[in-house]
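Q: Could you take a close look at the aromatic pairs in this one, and then walk me outward from there into the packing and the empty spaces around it?

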Amino acid sequence: MDNPKPAGYQRRKWLNRVMLGLGGLAAGLAIILVCLILGYILVKGAAYLNLDFLTQGAAAPGAPGGGMRNEIIGTLILVALGSAMAIPIGLLAGIYLSEFSGPRTAAAVRFSADILAGVPSIVVGIFVYAILVRPMHSFSALSAGVALAIIMIPIVARTTEESMRLVPISMREAALALGITRWRAVVSVVIPGALTGVTTGAMLGVARIAGETAPLLFTALGSTFGYNGLSKPIGALPLQIYRYATSPYQDWQQQAWAGAFLLIVLVMVISIAIRWLTRGQRSQRSKGR
């Protein structure tokens, strides 16, 4: 004789199906929105992306032609500056949180990182304007790099911590049982085990700062004359996209779409390259399991 179903079994069963359906619907809507945005930018921007756009400087207002060569170079410089400052600080902070800090210190640092991650980027721009731009009496690439680094640090720190906490405790214990010091166990065992997550977090930070516009308005200002040093204003793709998109000239508006498309392509290329470089670590962990 079959055991009777417990009371409320059918209700819980249908509720589970409904919630699974709602979750799948939400995921599908998110994917559709991403595809719509990417598709729209592809249609509007790819048609105006050509060799002149990549190799020429900005044209005079109202004049046809021109490109975003200097802004592309400026974006790469600013992202490199921000990453060079943020990745070491964020990485060390994440390692400290995961491996060495006490509970109270870790809670305070995590809370601070979460607050910093939620600060609007325009507030970061104003802060850097007050502490760097005004004392230097000039907008500069350096101040823009500092602003982008401040935005990137909490992202790298928190993703590094979470990735390292996913490494099994048994791997740490095995390393310490061999007689090596704790810091050497972290460097030689824990970090390689969390490398994919750490690099993914770094790429999330790069993708975030690559498209920032608000802090650059208060720090980099923008320049159509290319890179002239860390202490001088510098152009960037997000700044130029903003200015071209709000201009009354149709040619500039078309170039804004092309710049937006190029910015997305740059972020995708960086992400794919990092995934390709870390594929060996992922396959080794899969074999280990």
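A: There are four aromatic pairs in this structure, which is a predicted model. Take Tyr40 and Trp257 to begin with: their rings sit edge-to-face, 5.4 Å centre to centre, with 75° between the planes. Tyr40 belongs to helix H1 (residues 9–45) and Trp257 to helix H12, so this pair ties together parts that are 217 residues apart in sequence. Neither ring is tucked away fully: Tyr40 is partly exposed at a relative accessible area of 49%, and Trp257 is partly exposed too, at 30%.

Now for another pair, Tyr249 with Trp252. The ring centres of Tyr249 and Trp252 are 5.3 Å apart and the planes meet at 75°, so this one is edge-to-face as well. Here the two partners fall into separate burial classes: Tyr249 is partly exposed, with 33% relative accessibility, while Trp252 is buried, with a relative accessible area of 13%. Bring in Tyr244 and you have one aromatic cluster, made of Tyr244, Tyr249 and Trp252.

While we're in that stretch of chain, have a look at Thr246, which sits in the loop between helix H11 (237–245) and H12. Thr246 is exposed, with a relative accessible area of 55%, which puts it over the 50% cut-off. If you want a sense of distance, Thr246 and Ala27 are 219 residues apart in sequence, and their C-alpha atoms are 33 Å apart in space.

On to the packing. The largest nonpolar core holds 27 residues, and the ones with the most contacts inside it are Leu78, Val124, Val128, Met152, Ile209, Leu216 and Ala220. Two or more residues of this core come from each of helix H3 (69–100), helix H5 (121–136), helix H6 (141–165) and helix H9 (195–210). The biggest contributor is H6, with 10 residues. For a single example, pick Leu216: setting aside its neighbours within four places in sequence, Leu216 touches Leu78, Ala144, Leu148, Leu221, Ala236 and Leu239. Trp252 from the aromatic cluster turns up elsewhere, in a second, separate core of 14 residues that also includes Ile72, Ala260 and Leu263. As background, nonpolar side chains in soluble globular proteins tend to be buried together.

What about the gaps? Searching the whole structure turns up two cavities of 30 Å³ or more. The largest cavity has a volume of about 70 Å³, and its lining is made of Thr75, Leu76, Val79, Val206, Ala210, Leu263, Leu266, Val267 and Ile270. Leu263 is worth pausing on, since it is part of the second core and also lines this cavity. At least two lining residues come from each of H3, H9 and helix H12 (250–277), with H12 giving the most, four residues. By class, that lining has eight nonpolar residues, one polar and no charged.

The second largest cavity contains about 30 Å³ of space. Around it you'll find Thr75, Leu78, Val79, Leu148, Ile209, Ala210, Leu216, Ala236 and Pro238. H3 and H9 are the elements that give two or more residues to this lining, and the largest share, three residues, comes from H3. The class split is eight nonpolar, one polar and no charged. Several names should ring a bell: Leu78, Ile209 and Leu216 are among the residues with the most contacts inside the largest core, and they line this second largest cavity too. Leu148 and Ala236, which are in contact with Leu216, are also found in the lining. Thr75, Val79 and Ala210 appear in the linings of both the largest cavity and the second largest one.

One more stop takes us to an open space. The second largest pocket has about 170 Å³. It is lined by 10 residues, and the closest to its centre are Thr200, Met203, Leu204, Ser271 and Arg275. H9 and H12 each give two or more residues to this lining, and H9 gives the most, with six residues. The class split here is four nonpolar, five polar and one charged. So H12, which carries Trp257 of the Tyr40 pair, also supplies lining residues to the largest cavity and to this pocket.

Note on methods. Residues numbered from 1 in each chain as written. Predicted model: local features only at pLDDT ≥ 70, side-chain atom pairs only at ≥ 80, totals over all residues. Heavy atoms only, no water. Core = buried A, V, L, I, M, F, W, Y, C linked by side-chain atoms within 4.5 Å. Buried < 20%, exposed > 50% of the residue type's maximum accessible area, 1.4 Å probe, protein only. Contact = heavy atoms within 4.5 Å. 1 Å grid on protein atoms, 1.4 Å probe; cavity = no way out; pocket = protein on both sides within 12 Å on 5 of 7 lines; lining within 4 Å. Points joined across faces, edges and corners; volume = space filled by probe spheres on them. Nonpolar A, V, L, I, M, F, W, Y, C, P; charged D, E, K, R; others polar. Phe/Tyr/Trp six-rings, centres within 6.5 Å; stacked < 30°, edge-to-face > 60°.
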